[in-house]
Amino acid sequence: MRVQGAGAREEIAAALDRLNQFPDIDVILLGRGGGSSEDLAAFNEEIVAHAIFASKIPVISAVGHEIDVTLADLIADFRAATPSEAAERATPDRLDG
């Protein structure tokens, strides 16, 4: 799946829609590493925002790094500062339970 450039916004939205077809998924991590505003532009697109909003599965957005903020981050159920933090938040600690 492309996360930047031509066609990325459609592929991201389609992937979110597909993941919602699986009843056993607990959370969706939507992320990519940092980059320029142009590199992250797909995560500021309306089609992606609608797909996140429509998701029945909670979405953790982890787009870019701490200083990067996209529409995806603002619409998601949780915004992680980095993709690594998203993985930590989505994975329970076995010692806690």
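The following paragraphs describe the sheet, the helices, the salt bridges and two individual residues of a predicted model.

Residues are numbered from 1 along each chain as its sequence is written, and side-chain values use heavy atoms, with hydrogens and water left out. Because the model is predicted, local features need pLDDT of at least 70 and side-chain atom pairs count only at pLDDT 80 or more, whereas totals for chains, interfaces and linings use all residues.

Helices (H or I, at least four residues) and strands (E, at least two) were taken as DSSP runs, numbered from the N terminus. Two strands were considered paired if DSSP finds at least two bridges between them. On this basis, three strands form an open sheet in the order β1-β2-β3, with parallel pairing. The edges of the sheet are β1 and β3 (78-79), each of which pairs on one side only. Strand β1 (residues 28-32) is joined to β2 (residues 59-63) by five bridges, while two bridges connect β2 to β3. Between β1 and β2, Leu29 stands opposite Ile60, and Leu30 has Ser61 as its bridge partner. From β1 the chain passes through helix α2 (residues 46-54) to reach β2, in a β-α-β crossover that is right-handed; this term applies if, with the strands pointing away from the viewer, the path from the first strand over the helix to the second runs clockwise. On the β3 side, Ile60 stands opposite Phe78, and Ser61 has Arg79 as its bridge partner.

Burial was assigned from relative accessible area (buried under 20%, exposed over 50%, partly exposed in between; 1.4 Å probe, protein chains only). In a regular strand the side chains alternate between the two faces of the sheet. In β1, one face is covered and consists of Ile28, Leu30 and Arg32, whereas the other, with Leu29 and Gly31, is uncovered. In β2, by contrast, both faces are covered: Val59, Ser61 and Val63 are buried on one side, as are Ile60 and Ala62 on the other. Five of the five residues of β2 are thus buried.

Axes were defined as lines fitted to C-alpha atoms, for helices over the stretch in contact, and angles run from 0 to 180 degrees between N-to-C directions. Helix α1 (residues 8-19) packs with α2 at an angle of about 10 degrees, the two axes being 8 Å apart. The two helices, α1 and α2, are therefore roughly parallel to each other, a label given to angles under 35 degrees (over 145 count as roughly antiparallel, 65 to 115 as roughly perpendicular and the rest as oblique). Contacts were defined by heavy atoms within 4.5 Å. In this packing, Arg9, Glu10, Ile12, Ala13, Leu16 and Asp17 of α1 meet Ile47, Val48, Ala51 and Ile52 of α2. Helix α4 lies across β1, β2 and β3 and runs at about 160 degrees to β2.

Side chains of opposite charge can pair when their charged atoms come close. With a salt bridge defined as a side-chain nitrogen of Lys or Arg within 4 Å of a carboxyl oxygen of Asp or Glu, the structure holds five salt bridges. One of them links Arg2 to Glu11, with the closest N and O atoms 2.6 Å apart. Both of these residues are partly exposed, Arg2 at a relative accessible area of 42% and Glu11 at 24%. Another joins Glu10 to Arg9, the closest N and O atoms being 3.0 Å apart; Glu10 is partly exposed at 36%, and Arg9 is partly exposed at 35%. In helix α4 (residues 83-90), the side chains of Arg89 and Glu85 form a salt bridge with an N to O distance of 3.4 Å. Because Arg89 and Glu85 are four residues apart in α4, about one helical turn separates them. Elsewhere, Arg9, Glu10 and Glu45 are joined into one network by salt bridges that share partners.

Two residues illustrate contrasting surroundings. Arg89 is exposed, with 54% relative accessibility, and touches Ile60 and Phe78 when residues up to four places away in sequence are not counted. Although Arg89 and Phe78 are eleven residues apart along the chain, their C-alpha atoms are separated by 9.3 Å. Thr70, located in the loop between β2 and α3 (71-75), is buried at 2% relative accessibility. Leaving aside neighbours within four places in sequence, Thr70 is in contact with Leu40, Phe43, Asn44 and Val63.
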